[in-house]
Amino acid sequence: MSEAAIAKKETLVEEATAKFQAAASVVIVDYRGLTVEEVTNLRKQLRDANVEMKVIKNSILSRAAKKAGLEGMDEVFTGPTAVAFSNDDVVAPAKIIDEFASTAKALEIKGGVIEGKVSSVEEMTSLAKLPSRDGLLSMLLSVLQAPVRQVAYAVKAVAEKEEEVA
């Protein structure tokens with residue numbers, strides 16, 4: 001193997017290592033059997049959610065994962081592998097891929113990384129079932145508003161009662 005080829009592979013390993021380290025979550029999938037149209041549609045959905053999907057050789061992924069301190073991922077890096085990296089939203093890539101896999105049976109989640117921790121298929125599927133960040137924030141807002149709403153209703157009821165008495 002020439003020095004140029006070795007240098008290129010080392011550069012690819014460094015880039016993949018940086019992506020693993022910077023990602024809030026990573027979803028690793030087997031995309032064998034998907035049509036070009038399905039892959040294009042999946043990439044578009046991921047891109048719209050600010051998630052990057054790449055097809056990277058397993059040997060490079062394996063070396064990058066080890067460099068990033070992610071042990072025990074070698075069994076995940078077998079067969080055709082695509083990787084979805086999200087730097088912002090932990091839930092988005094798992095949710096999009098899981099929903100896509102429900103219609104495109106050929107797509108299969110093989111594992112992933114959640115905030116620097118190697119995760120199983122079951123953990124990635126559980127993550128996909130969580131509400132999105134926006135959904136969680138709206139739930140939190142609703143919970144925070146409930147006591148204020150109750151106080152407002154109580155004050156209104158007291159005011160109406162006072163008006164009736166007067």
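Tutor: Let's start with the vocabulary: buried means under 20% relative accessible area, exposed means over 50%, and partly exposed is what lies in between. Keep in mind that this is a predicted model.

Student: Okay, so why is arginine 63 called partly exposed?

Tutor: Arginine 63 has a relative accessible area of 40%. The limits are 20% and 50%, so with its 40% arginine 63 counts as partly exposed.

Student: How do you know that arginine 63 and glutamate 10 meet in a salt bridge?

Tutor: Their side chains come to 2.9 Å, N to O. The cut-off is 4 Å between a side-chain nitrogen of Lys or Arg and a carboxyl oxygen of Asp or Glu, so the pair qualifies. Arginine 63 sits in helix H3 and glutamate 10 in helix H1, so this bridge ties together parts 53 residues apart in sequence. Glutamate 10 is partly exposed too, at 30%.

Student: What makes glutamate 14 and lysine 67 a salt bridge?

Tutor: The closest N and O atoms of glutamate 14 and lysine 67 are 2.2 Å apart, and the limit is 4 Å, so that pair passes as well. Glutamate 14 belongs to helix H1 and lysine 67 to helix H3, so again parts 53 residues apart in sequence are tied together. As for accessibility, glutamate 14 has 39% and is partly exposed, and lysine 67 has 45% and is partly exposed. Put the pairs together and you get a network of salt bridges linking Glu10, Glu14, Arg63 and Lys67.

Student: How many salt bridges does the whole structure have?

Tutor: The search finds 10. One of them joins the side chains of lysine 66 and aspartate 74, at 3.2 Å from N to O. Lysine 66 is partly exposed at 43%, and aspartate 74 is partly exposed at 38%.

Student: Which residues of helix H3 are buried?

Tutor: In H3 (residues 58-67) they are Ile60, Leu61, Ser62, Ala64 and Ala65. Their cover includes helix H1 (3-22) and strand E3 (82-86). After H3 comes glycine 69, with a positive phi near 85°.

Student: Is serine 25 buried or exposed, and how do you know?

Tutor: Serine 25 has 0% relative accessibility. Buried needs under 20%, so serine 25 is buried. This residue lies in strand E1 (residues 25-30). Leaving out residues up to four places away in sequence, serine 25 touches Ala84, Phe85, Ser86, Asp89, Val90, Pro93 and Val113.

Student: What does the side chain of serine 25 reach, and what makes that a polar contact?

Tutor: The serine 25 side chain reaches the backbone oxygen of valine 90 at 2.9 Å. A polar contact needs N or O atoms within 3.5 Å, one able to donate a hydrogen and the other to accept it. The 2.9 Å value is within that limit, so the distance test is met.

Student: Why is leucine 144 called exposed?

Tutor: Leucine 144 has 55% relative accessibility and the bar is over 50%, so leucine 144 is exposed. You'll find leucine 144 in helix H6 (residues 133-165). Along with Leu137 and Leu140, Leu144 forms a nonpolar surface patch, about 290 Å² of accessible area together.

Student: And which domains does the assignment give?

Tutor: Domain 1 covers 3-130 and domain 2 covers 132-165. Their centres, taken over C-alpha atoms, are separated by 43 Å.

Terms used:
Residues are numbered from 1 along each chain as its sequence is written. This is a predicted model: local features need pLDDT of at least 70, side-chain atom pairs count only at pLDDT 80 or more; totals for chains, interfaces and linings use all residues. Side-chain values use heavy atoms; hydrogens and water are left out. Helices (H or I, at least four residues) and strands (E, at least two) are DSSP runs, numbered from the N terminus. Buried means under 20% relative accessible area, exposed over 50%, partly exposed in between (1.4 Å probe, protein chains only). Contact means heavy atoms within 4.5 Å. Domain bounds come from an automatic or database domain assignment. Patches are made of residues with over 30% relative accessible area and no salt bridge: like charges are joined within 9 Å, nonpolar side chains (Val, Leu, Ile, Met, Phe, Trp, Tyr) within 5 Å. Accessible areas come from the Shrake-Rupley method with a 1.4 Å probe; for residues, only the protein chains shown count as cover.
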